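Look at the sequence and the model together. Start with one residue, then widen the view.

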Amino acid sequence: MRSLPSLLGATTPAFEAERLILATTEMILGIMEEQGVTRAVLADRLGRTRGHVSQVLNGDRNMTLRTLAEILHALDGRAEITVTSPTALATAERHPQTPDPH
């Protein structure tokens, strides 16, 4: 399956930033849901206001790596970052891996 930028023929730094913000926020919200943690509880764990947490999770406030680390620590999580080169992306798009059925 080809990515949206490859289908459109280009990508921009703004598009990549939004893609990362959306993916990261979805992962955080998924962990929160799994643990039954509300925004108010997360805010309490972080020593921040619920409004601050909502702004970060809604994309209204810049999520720095420090903020991400603080949020994940409060959720007993950890981030691993993978950086992919353009060559690796092109190869992956030409030869997508199929999941192992076993």
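Arg-45 is partly exposed, with a relative accessible area of 44%. Partly exposed lies between buried (under 20% relative accessible area) and exposed (over 50%), using a 1.4 Å probe and protein chains only. Arg-45 sits in helix α3, residues 39-46. Helices here are DSSP runs of H or I with at least four residues, strands are E runs of at least two, and both are numbered from the N terminus.

This is a predicted model: local features need pLDDT of at least 70, side-chain atom pairs count only at pLDDT 80 or more, and totals for chains, interfaces and linings use all residues. Residues are numbered from 1 along each chain as its sequence is written, and side-chain values use heavy atoms, without hydrogens and water.

What does Arg-45 contact, leaving aside neighbours within four places in sequence? The partners are Gln-35, Val-37, Ala-74 and Leu-75. Contact means heavy atoms within 4.5 Å. Ile-71 is 26 residues from Arg-45 in sequence, and their C-alpha atoms are 8.7 Å apart.

Ile-71 also takes part in a helix pair. Thr-24, Ile-28 and Ile-31 of α2 meet Leu-68, Ile-71 and Leu-72 of α5.

| Helix | Residues in the helix | Residues that meet |
|---|---|---|
| α2 | 13-35 | Thr-24, Ile-28, Ile-31 |
| α5 | 65-74 | Leu-68, Ile-71, Leu-72 |

The axes of α2 and α5 come within 11 Å and cross at roughly 15°. Axes are lines fitted to C-alpha atoms over the stretch in contact, with angles from 0 to 180 degrees between N-to-C directions.

The protein has six helices and zero strands. Of its 102 residues, 20% count as buried.
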